[in-house]
Amino acid sequence: MAPASWHGLRAGDQIGNLEYVVDERVLEQYRQVVGRDGCYPNLLAEDCRAMLAKHAPRASLTTVWQRFAFLRPPILGRRIQVGGWVREVRDEGAGSWIRAAAFAVDDIGTEILRSEAAFEVERVRSEERTVVEQSVPKAPVRSLADGRPGDGSHLGHLLLPGRDALHGHRELGNVMLGVGMSEDGNGLTAIAAGWLESLLGADFGDDFRWGGELSIVHHRPLQPGSGLDCDGVVTAHDTDAAGVQTRRVVITVSDSAGNRVTTAEAVIKSPSPRLR
């Protein structure tokens, strides 16, 4: 049987390169969207999606899963260079599923961000669910950076931009890439990922920004203008022989109706080995 392909792309194929600059204006606009602690505006460039879109500009790509390794916040004014590869392609009846990976460095080789994303292609995902899934119960507000397994916190609330405001937010991607943020079941998963980056950066500081990992599953399309609540709970806390602490945090994002829309897991080492 021939290997699965998507517009001629197969697992292992390179999908191209990107170049863009993160400057003070882009950082400020990003923080206005996701919060003042956001440090990775290139999340809105959607590296994996942008490179796949070059091969099939009219394809409908719905983000279902993302993973990020935050290596070092972009240095303002330096050009970021990104390379990408196809990791997996699956044909599934009415649609396809493709997973891509990207690696971003700046123009002197500083490692910035590793990312992966999986997309459903040409498939309409239902926005209706019969069961309302509740978020993690809100615990007294405290820093998860000091938490033990079982400790939880309400991390924040975000009002997603309405449909009439989405064009302005897509321009953040346009500023960097020369192409706007593409439609993604309303184009909001990139904003949600940036918001989680900002919340975790606020709680864990540079230990997350330099070396933190974040995996995200999107259960259903986000709705423009919807309010989102984010809750986190520490699920593991280990300390190695060198005194480095590793915490795993499970994050639940629910919409204003109480539906779980996103689940994520973050891994943070304190102090981060990348800061030594």
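## Exercises on a predicted protein model

Strand β7 (residues 213-218) and strand β10 (residues 260-270) run antiparallel and are joined by six bridges. Two strands count as paired if DSSP finds at least two bridges between them. Helices (H or I, at least four residues) and strands (E, at least two) are DSSP runs, numbered from the N terminus.

The model is predicted: local features need pLDDT of at least 70 and side-chain atom pairs pLDDT 80 or more, while totals for chains, interfaces and linings use all residues. Residues are numbered from 1 along each chain as its sequence is written, and side-chain values use heavy atoms, without hydrogens and water.

**Exercise 1. Trace the strand pairings that involve β10, β7, β2 and β5, and give a pair of opposite residues for each.**

Step 1. Begin with β10. In its pairing with β7, Val-267 of β10 has Glu-213 opposite it.

Step 2. Continue from β7 to strand β2 (residues 61-70). These two strands also run antiparallel, and five bridges join them. Ser-215 in β7 has Arg-67 opposite it.

Step 3. Continue from β2 to strand β5 (residues 111-121). The pairing of β2 with β5 is antiparallel and extends over nine bridges. Here Arg-67 has Glu-116 of β5 as its bridge partner.

Result. Arg-67 thus appears in two steps: it stands opposite Ser-215 in β7 and is the bridge partner of Glu-116 in β5.

**Exercise 2. Which residues of β7 form its covered face, and which its uncovered face?**

Step 1. Recall the general pattern. In a regular strand, side chains alternate between the two faces of the sheet.

Step 2. Apply the pattern to β7. Leu-214, Ile-216 and His-218 form the covered face, whereas Glu-213, Ser-215 and Val-217 form the uncovered one.

Step 3. Turn to β5, which is mostly covered, with nine of its eleven residues buried (under 20% relative accessible area; exposed is over 50%, partly exposed in between; 1.4 Å probe, protein chains only).

**Exercise 3. Describe the surroundings of Ser-115, and state whether it is buried or exposed.**

Step 1. Locate the residue: Ser-115 belongs to strand β5.

Step 2. Classify it. Ser-115 counts as buried because its relative accessibility is 7%.

Step 3. List its contacts (heavy atoms within 4.5 Å). Neighbours within four places in sequence being set aside, Ser-115 touches Asp-47, Cys-48, Arg-67, Phe-68, Ala-100, Ala-101 and Ala-102.

Step 4. Examine one of these partners. Cys-48 has a relative accessibility of 4% and is therefore buried. Cys-230, at 0%, is likewise classed as buried. A search of the whole structure finds zero disulfides (pairs of cysteine sulfur atoms within 2.5 Å).

**Exercise 4. Examine the backbone at His-7, Glu-46 and Pro-271.**

Step 1. Consider His-7, in the segment before β1 (14-21). Its phi is near 50 degrees, a positive value in a residue other than glycine. With a relative accessible area of 52%, His-7 is exposed.

Step 2. Consider Glu-46, in the loop between α1 and α2 (47-55). Phi of Glu-46 is also positive, near 50 degrees, but Glu-46 is buried, with a relative accessible area of 11%.

Step 3. Consider Pro-271, in the segment after β10. The peptide bond that leads from Ser-270 to Pro-271 is cis, and its omega is near -5 degrees.

**Exercise 5. Summarise the whole protein in numbers.**

Step 1. The protein contains five helices and ten strands.

Step 2. Among its 276 residues, 53% count as buried.

Step 3. Of the contacts with a separation of 6 or more, 72% are between residues 24 or more positions apart.
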